[in-house]
Amino acid sequence: MSGPNPRAAAVSALVRQEQDGFSNLVLDAELKRQKLEGRDKAFASAIFYTVLEHRGTLDYILVQFLPKGLAKLDAPVREILRSALAQARYMQVPVSAAVNEAVKLTRAFKKSSASGLVNAVLRRACVYDLSKARFQNETERLMVLGSAGQDVAEFLRSRYPDEALGILTYAADGGRTSLRANPLKADVPALCEKLNALGAAAQPGVVPGSVLAKFEGSPADNDLFRAGCYHVEGQASQLAALCVEAKPGETVLDLCAAPGGKTILLAEEMQGTGRLISCDAAENRVRLIRTAVERMGFADVEALCNDATRPNPKLPAADRILVDAPCSGLGILAKKPDIRYKTLPKDRHDELLATQSAILDTAASLLKAGGRLVYSTCTIDPAENEDQVAAFLARHPEFSVVTPEVPFPAGMTVGEHGALSVPTRTGMDGFFLCAMQKAQ
């Protein structure tokens, strides 16, 4: 293959992703290896994530024309078929171009013997009428039309039967990238003006201080980002950090902080005073926090490698604590499409619940009397959200749920044990938060 080829880069990354997992790391490594820039880089990334997001649908269509199935094909051929069909169905690439480029790629990947199959299958698959498909049951319908694995489809069918397909197909934040303006560099109107001048159509979000923008490529690939004028963070995530209501001069802990977006927001609220300690259990993720806060100009943040499931006598008693707990991620299927296909075995789920519980108990021991604890997740699983809070309150009767002064966007469900954002109701990511106060 001579010269940069975004389609080839996307296929190579997809082959590696099948083996390695971690989609963002796989893609970044492949883009660097092939030295793609600008439009080529953006196009390769779009193909890669479109395939991941719609893989269930793509595979269902392809299998209609592959009697032996996809699994029997060589990995490059399988990914060439998926990526070409994705381009034709979801990326406005003409069918003829998608098919012809796929045949060229088949030869370039030294799979010439499969070029006839690729040509024949794609010419039929690209014009397949999905509306005529007949499914065995509702779970299969969700798996195909919503592109999800069986476990995720069954979870949504059980918990959100009327919204399941909408949750799988929604575009968070209106399909735009959610940002937070850095008040040290630019307020929301000024940031919108600067982004619009770059061609990234921008407007204020529904969460105070947020901005929604439409970038052609990466939101990190411009001078405004490099200068620390904003950081990328979902509106729902911003809301959770705002509900901590950190004040100047206080001691604040962010116990599960990487990559650092919520820490940056807490630092903004504290206005360079007090003490803010941002923790994560892995040193490489702590480095992400340090990089993020330095780029934004918040030099006083203490980034610490710490396992929040265990007490650490080196941590101070805090006025406010944020626990953005590790979770199943079932609220951010649009942003992390590989989660769509994850399995949800009971033993792993129980282990996750135990981890969340242990972190909450650690936070309870570190919080000062009268202090605030905010628990948040990016999932819509009640076991990790409302049930987790209820169990915590039973173990710690000195805590009670409180209502933050931050206004909640329309559509949020506010209950006895916290507030829930379901994507089909709020237009934001799926997430949960609960603010609790410790008795004096």
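Let's start with helix H4, residues 55-63, and helix H5, residues 75-90, whose axes come within 10 Å and cross at roughly 105 degrees. That crossing makes H4 roughly perpendicular to H5. Keep in mind as we go that this is a predicted model.

Which residues make the contact? On the H4 side we have Arg55, Thr57, Leu58, Asp59, Ile61 and Leu62, and they meet Leu81, Arg82, Leu85, Ala86, Arg89 and Tyr90 in H5. Sorted by class, the contact of H4 with H5 has seven nonpolar, one polar and four charged residues.

Now stay on H5 and bring in another partner. Helix H3, residues 38-53, has an axis that comes within 9 Å of the H5 axis, and the two cross at roughly 100 degrees. So H3 is roughly perpendicular to H5. Here Phe43, Ile47, Thr50 and Val51 of H3 meet Glu79, Arg82, Ser83, Ala86, Gln87 and Tyr90 of H5. This contact divides into five nonpolar, three polar and two charged residues. If you have the structure open, look at Arg82, Ala86 and Tyr90 of H5: they are among the residues that meet H4, and they are also among those that meet H3.

Let me zoom out for a moment. The chain is divided into domain 1 (6-133), domain 2 (178-232) and domain 3 (241-438). The C-alpha centres of domain 1 and domain 2 lie 32 Å apart. From the records, an unreviewed UniProt entry lists residues 167-439 as "domain: SAM-dependent MTase RsmB/NOP-type". In the model, that span is 31% helix and 24% strand, and its end C-alpha atoms lie 38 Å apart.

Next, a few single residues. Serine 115 sits in helix H7, which covers residues 115-125. Is serine 115 buried or exposed? Its relative accessible area is 12%, so it counts as buried. Apart from neighbours within four places in sequence, serine 115 is in contact with Val103, Thr106 and Arg107.

Glutamate 101 belongs to helix H6, residues 95-108. With a relative accessible area of 25%, glutamate 101 is partly exposed. Asparagine 119 is 18 residues away from glutamate 101 in sequence, and their C-alpha atoms are 9.8 Å apart in space.

For a much longer span, take histidine 417, in the loop between strand S11 (413-415) and strand S12 (418-421). How far apart are the C-alpha atoms of histidine 417 and valine 103? They are separated by 55 Å, with their positions 314 residues apart along the chain. As for its own surroundings, histidine 417 touches Glu386, Val389, Ala390, Leu393, Phe432 and Cys434, not counting residues up to four places away in sequence.

I'd like to finish on helix H13, residues 235-242. How many of its eight residues are buried? Eight of the eight are, and the helix is mostly covered. They are Gln235, Ala236, Ser237, Gln238, Leu239, Ala240, Ala241 and Leu242.

And what does the covering? Several strands take part, including S1 (177-181), S3 (210-213), S8 (318-324), S9 (367-377) and S13 (431-438), and helix H14 (261-270) is part of the cover too. Thanks, everyone, and I'm happy to turn the structure around on screen if you want another look.

How values were computed. Residues numbered from 1 in each chain as written. Predicted model: local features only at pLDDT ≥ 70, side-chain atom pairs only at ≥ 80, totals over all residues. Heavy atoms only, no water. Domains from an automatic or database assignment. UniProt positions renumbered as here; feature names shortened; annotations may be inferred. Helix = DSSP H or I, 4+ residues; strand = E, 2+ residues; numbered from the N terminus. Buried < 20%, exposed > 50% of the residue type's maximum accessible area, 1.4 Å probe, protein only. Contact = heavy atoms within 4.5 Å. Axes fitted to C-alpha atoms, helices over the stretch in contact; angles between N-to-C directions. Parallel < 35°, antiparallel > 145°, perpendicular 65-115°, else oblique. Nonpolar A, V, L, I, M, F, W, Y, C, P; charged D, E, K, R; others polar.
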